[in-house]
There are 4 protein chains.
Amino acid sequence: MTFDVGIFGASGYTGGELVRLLARHPEARIAFVTSERHAGRPLSEVFPHLGLLPELICRPLTDFTASAECDVAFCALPHLTSMDAVPELLERGMRVVDLSADFRLHDAAQFRQWYGEDHRAADLLDEAVYGLPELGLREEIRQARLIANPGCYPTSILLALAPLLKENAVELSSLVIDSKSGVSGAGRSAVQGSLYAEVAEGFRAYKSVGHRHTPEIEQELSRLAGAPVQVRFAPHLLPQSRGILSTCYVRPRLPLMEKEWRDLLASHYQDEPFVRVLPVGQFPSTLQVRGSNHAVLSVALDERTGWLMVMSVIDNLVKGASGQAVQNMNLLMGVDESAGLEQLPLFP
Amino acid sequence: MTFDVGIFGASGYTGGELVRLLARHPEARIAFVTSERHAGRPLSEVFPHLGLLPELICRPLTDFTASAECDVAFCALPHLTSMDAVPELLERGMRVVDLSADFRLHDAAQFRQWYGEDHRAADLLDEAVYGLPELGLREEIRQARLIANPGCYPTSILLALAPLLKENAVELSSLVIDSKSGVSGAGRSAVQGSLYAEVAEGFRAYKSVGHRHTPEIEQELSRLAGAPVQVRFAPHLLPQSRGILSTCYVRPRLPLMEKEWRDLLASHYQDEPFVRVLPVGQFPSTLQVRGSNHAVLSVALDERTGWLMVMSVIDNLVKGASGQAVQNMNLLMGVDESAGLEQLPLFP
Amino acid sequence: MTFDVGIFGASGYTGGELVRLLARHPEARIAFVTSERHAGRPLSEVFPHLGLLPELICRPLTDFTASAECDVAFCALPHLTSMDAVPELLERGMRVVDLSADFRLHDAAQFRQWYGEDHRAADLLDEAVYGLPELGLREEIRQARLIANPGCYPTSILLALAPLLKENAVELSSLVIDSKSGVSGAGRSAVQGSLYAEVAEGFRAYKSVGHRHTPEIEQELSRLAGAPVQVRFAPHLLPQSRGILSTCYVRPRLPLMEKEWRDLLASHYQDEPFVRVLPVGQFPSTLQVRGSNHAVLSVALDERTGWLMVMSVIDNLVKGASGQAVQNMNLLMGVDESAGLEQLPLFP
Amino acid sequence: MTFDVGIFGASGYTGGELVRLLARHPEARIAFVTSERHAGRPLSEVFPHLGLLPELICRPLTDFTASAECDVAFCALPHLTSMDAVPELLERGMRVVDLSADFRLHDAAQFRQWYGEDHRAADLLDEAVYGLPELGLREEIRQARLIANPGCYPTSILLALAPLLKENAVELSSLVIDSKSGVSGAGRSAVQGSLYAEVAEGFRAYKSVGHRHTPEIEQELSRLAGAPVQVRFAPHLLPQSRGILSTCYVRPRLPLMEKEWRDLLASHYQDEPFVRVLPVGQFPSTLQVRGSNHAVLSVALDERTGWLMVMSVIDNLVKGASGQAVQNMNLLMGVDESAGLEQLPLFP
């Protein structure tokens, strides 16, 4: 069952990663890519590592007529831009996987509060499905017209905490999340803070209060817990290109042993192809998932202080963005959920 | 006032860093260095960057007669080894700055619990002074015969939290500390986990429960708070050579504004030459202190959740080890506390 | 046409890379892996990134009975060890792809000169086929019983220079080759020189005279040129995990323009699936081939001085080792030469 | 003998490095710094690692009246900009150390050829002294009004080759120079090619023909050789922040042994405080000079092919730029040539 896809905004890291995955997908065919800045140029000039795909020429961003040629449109446009493009695409009959943050929050007031602008397609917020299949959303995703592909941090954090909140196993008021991300998460824009010489040997925190992924995390955790949840979420920037590790500190409500916490997570995800839980005593490394669509989790219980720690690693550009988008596309199109995502991690 | 120093165990990273700092110290003269493994060889073969100091030849480790030639002995031997050497050095009349963990805990039972061995010089535990001058220990250090130079993580964490606990400003039961260290903290031993190809792009947690720096942190925080303090301390390994950033999450007892928290820290350290507190809204980077003896702190108050976050960066090999040892030596010998430590950070 | 393969010596980086590629190969099935040091343990403990393959348990290295179960044996044992194992494997009827250097030189005297030992299976040196298909060796490889998989540096260099020497286009006495390799080329052994803190920011040359890849390069270049060729080959160590870039300086015999040199290379490789030649003015980056089996070449002609420069990049663990081994296996077994090697490079 | 200095264009990496070195110089006092873009802001906002120097406020770039306050002006402006500022500074009576390329070539025609513009202060080209003291230029520097501080690549290359050309020891037509530089050499401008995610794991060549440092290298080598010299100079970009390693391939004219070549270099530099030559068999690493003003050289003679290889490492921001500028200032002002430059390298 072959089908056609288009990529709007292909010149960023998530765009390039979509091409990498889709070009080797057994069923999908890349019908077109767009890039306003590079319109008319081969994508392989923008991404020399795609030199094997000389046939992909960037169209102008706003060439929505292109959508007529595809079954699924990936929207990899910047935040606050996507909401202007998506309605047009839907109208033309496309199914859309949107990688921006524009359709992740269901509440327009929340959106305004965290993004500082009114939502210009607020009527779609209810319809958009949050595209994290492992959160019990698989069936909704299959039926969706518009999928809001989750943020990279939220993906790593929700996978770590979902089972605990679903089981009402931890205190809701005690969630402290210390996340660390590779610098590709900041995108391909040329800004001083992303220069090699500024990042290497320069680990640091940023947006320690008020990072925009916070409401997205809280929305989904609240849904799972059936009660309002707030989190202390603090992101940090790693001197590496790819990978997110989130360290989540929670206070247990249930008196479980470390092994039981581990098993709780493991059994929750036992049928999931992309989530693994390590044995007690092992800790995941970002290098262990690089280039793959997998999340690896582990737990550590500190009996002295009572804190339970759940760690999670993903590749921010794959399970945290483009791989998850392909996974959602697979669900949309009714093909094997793992199609095109079987690659093993690249180590070292 | 010139004086002589000796370095026992000079072939590790902290040993090399001691030489770097002491070779340019205005008053100290390196009388000798020892290394069992490299005895008889020039230190510049062990550390090519010290090629300008061809005169330093490694003596055997156990050549304690050497101590006769120095006023201050730096002991940079491994943990559980130092406690066998230090008594001998003291007996011979040296003043000793010990960089190992062997004399940091005052309680021999605690030592046995965390290090798994009986302490073989337990009678010195009371006498040893914890060498973190900024913790109100400056006068004790000046008078000491034996200084236990603090661990790298504890230095970063205690500087961040000391003012808060001294002022009884935070809840003692809520201390969550997420620390990240460069790989030089693991030493120069050739182990697979420290290989370039395993560390690069491979951020990860380790010893998530029960790291041996925990009791050292708790001992000093308890002393400052005047009450028992426990901490949830979780270390992580950064893909970089130097630097520690500790992110401390605490719940306030006082209803202060973010700026007031910042000022509380700033006024506490206003006379300290090696501690700076950033203005509200700025966050420190490890690259900002590399190669220098400085600590840089900052705060972030999340009004939504009530959590206060205190960050701290140091160079683990300088303020976290050898620079602090030189600072302690300066106090011991009555010279300017900053002597030999004026170098500005190396950026980028 | 499914077939079985075995991997002898699976615990090094090339072994892990063979597993990564073969586990997703459409026709090959990994029948077994061996590791002396880790015998009895799951390979996923040795390589956490292979956690998805819990069924692979390391057998003892010398369990040659295993060979009965496979059609092709990959020998990823250390140099000077492989030559003791390979004859046994051949006797048992296996076809062997040997990744060590033991069977690359056809001349036993050369071997003794460069490796300092007598060859203990010298009778096989004639039979072994040098496994670089793009050097006009494809047909020989298809028929081979024993394939000597080329070294990483030689692969990068021979691909760059082969067309020039075959066409008698350059002076044979002027070959200067400055190569730079990522540190994974040094293997996974825990040695001080490969530690993160020694490699990062520490670019350096090594084995500047007499690197053992030299005779291998000269053997193949001489064969192509039909005359004895000597090269000045100088390797350097890059602060990165993967990738080789070789810069080859040659003096032209033919009065071609830059574009003509480029076209000479491009036309030579026009039917090769794994070699690309960049347009004039573009230069390859190691990041452009990471994780893939591709080589990318480019040329630069300095008209002022007359020197022609040919650059080449490969991933040392893929085209420089395990990917090339899989390519050779594909030829041996008569399946599509690109099977299992279609992955696009991982960028960034 | 205290004196005052000013830094024009302080917001780039070389500007920041000048401040790092001069702020701890025993005689120099930083009277002012300028930055057009950051005028009015503290320099410590531009460079957080300079937080200890809150008193330095950026003046507008063109505030030449500032020059009245200083004895020596460092000009760290971009190429093609400096030549407009320097005449003004000289007129106001300053002695100038110019870190741009504008005054390094003595021949205006050469300048036009390589920089594509007419020189707008060509009358100063004769007067400007090339500021590489180790090239026999020390006395000229002491007397100079205008010093053209050498480029980073030329410094590394000229130190390696000067003794050989001075002694007429090598063939002039055979100079092949393969240089590798850390990315700080590209400056602090936010360009895509300098982003962390593009540089890490992405070693590559650039400007393989026609790099603008070529004529500067040739000018000085020709002067030393007393005959026209051309070089094949090819620069590469390393995935690291600091450091240059140049590998120079030359054909000997003299039939010396490896040790004799080493001794030729060593004796040439025996009185130089900033140049060391390694024993035969040792090779320098960029990490061995990081943060220091030292150059380390070594030789390797390949008796098989006859090629002599001379390697050289420097820190591109210190001996390759700001440290050398301070060294030149010391000569200008008649203080100890090493003043402010005694720091040992930072390793690791």
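**Sheet, domains and chain contacts in a predicted model**

Strand β11 of chain A (residues 244-250) runs antiparallel to strand β14 of chain A (residues 308-314), and the two are joined by seven bridges. The structure described here is a predicted model. Within this pair of strands, I244(A) lies opposite I314(A) of β14(A). Both strands belong to an open sheet of seven strands in chain A, in which the pairing is mixed and the order is β9-β10-β8-β11-β14-β13-β12. The sheet is bounded by the edge strands β9 (204-205) and β12 (275-277) of chain A, each of which pairs on one side only. In general, the strands of a sheet pair through backbone hydrogen bonds, in either a parallel or an antiparallel manner.

The domain assignment divides chain A into domain 1, covering 3-127, and domain 2, covering 153-315. The centres of domain 1 and domain 2 of chain A, taken over C-alpha atoms, are separated by 27 Å. Contact between these domains involves 12 residues of domain 1 of chain A and 14 residues of domain 2 of chain A. About 1200 Å² is buried between domain 1 and domain 2 of chain A, with 51% of this area on carbon and sulfur atoms. On the side of domain 1 of chain A, the residues that lose the most area to domain 2 of chain A are Y13(A), R104(A) and W114(A), which together account for 48% of what that side buries.

Polar interactions also link the two domains of chain A. Two salt bridges are counted between domain 1 and domain 2 of chain A. A salt bridge joins E17(A) to R242(A), with the closest N and O atoms 2.8 Å apart. Seven residue pairs, both members at pLDDT 80 or more, are in polar contact across the interface of domain 1 of chain A and domain 2 of chain A. On the side of domain 1 of chain A that touches domain 2 of chain A, at least two residues are supplied by each of the helices α1 (13-22) and α4 (108-115) of chain A.

The arrangement of chains A and B was examined by superposition. A turn of 180° with a shift of 0.0 Å along the axis lays chain B on chain A with an RMSD of 0.0 Å. The two copies are thus related as by a two-fold rotation axis. Among the residues of chain B, P239(B) comes closest to this rotation axis, its C-alpha lying at 3.2 Å. Of the interface residues of chain B, 100% are also interface residues in chain A, so the copies meet through the same surface.

Chains C and D form a further interface, in which 50 residues of chain C are in contact with 50 residues of chain D. The area buried between chain C and chain D is about 4000 Å², and carbon and sulfur atoms give 58% of it. E201(C), F203(C) and R304(C) contribute 19% of the area that chain C buries against chain D, more than any other three residues. Six salt bridges are found across the interface of chain C and chain D. One salt bridge is formed by the side chains of D302(C) and R232(D), at 3.9 Å from N to O. Polar contacts between chain C and chain D number 22 residue pairs, with both residues at pLDDT 80 or more. Several elements of chain C each supply at least two residues of the side that touches chain D, including α7 (196-199), α8 (214-225), β11 (244-250) and β14 (308-314). The largest share of that side of chain C, four residues, comes from β8(C).

Key:
Residues numbered from 1 in each chain as written. Chains lettered and ligands numbered in written order. Predicted model: local features only at pLDDT ≥ 70, side-chain atom pairs only at ≥ 80, totals over all residues. Heavy atoms only, no water. Least-squares fit on C-alpha atoms with pLDDT ≥ 70 in both. Contact = heavy atoms within 4.5 Å. Pairing = 2+ DSSP bridges. Domains from an automatic or database assignment. Buried area = accessible area lost by both parts, 1.4 Å probe. Salt bridge = Lys/Arg side-chain N within 4 Å of Asp/Glu carboxyl O. Polar contact = N/O pair within 3.5 Å; in protein donor to acceptor, adjacent residues only side chain to side chain.
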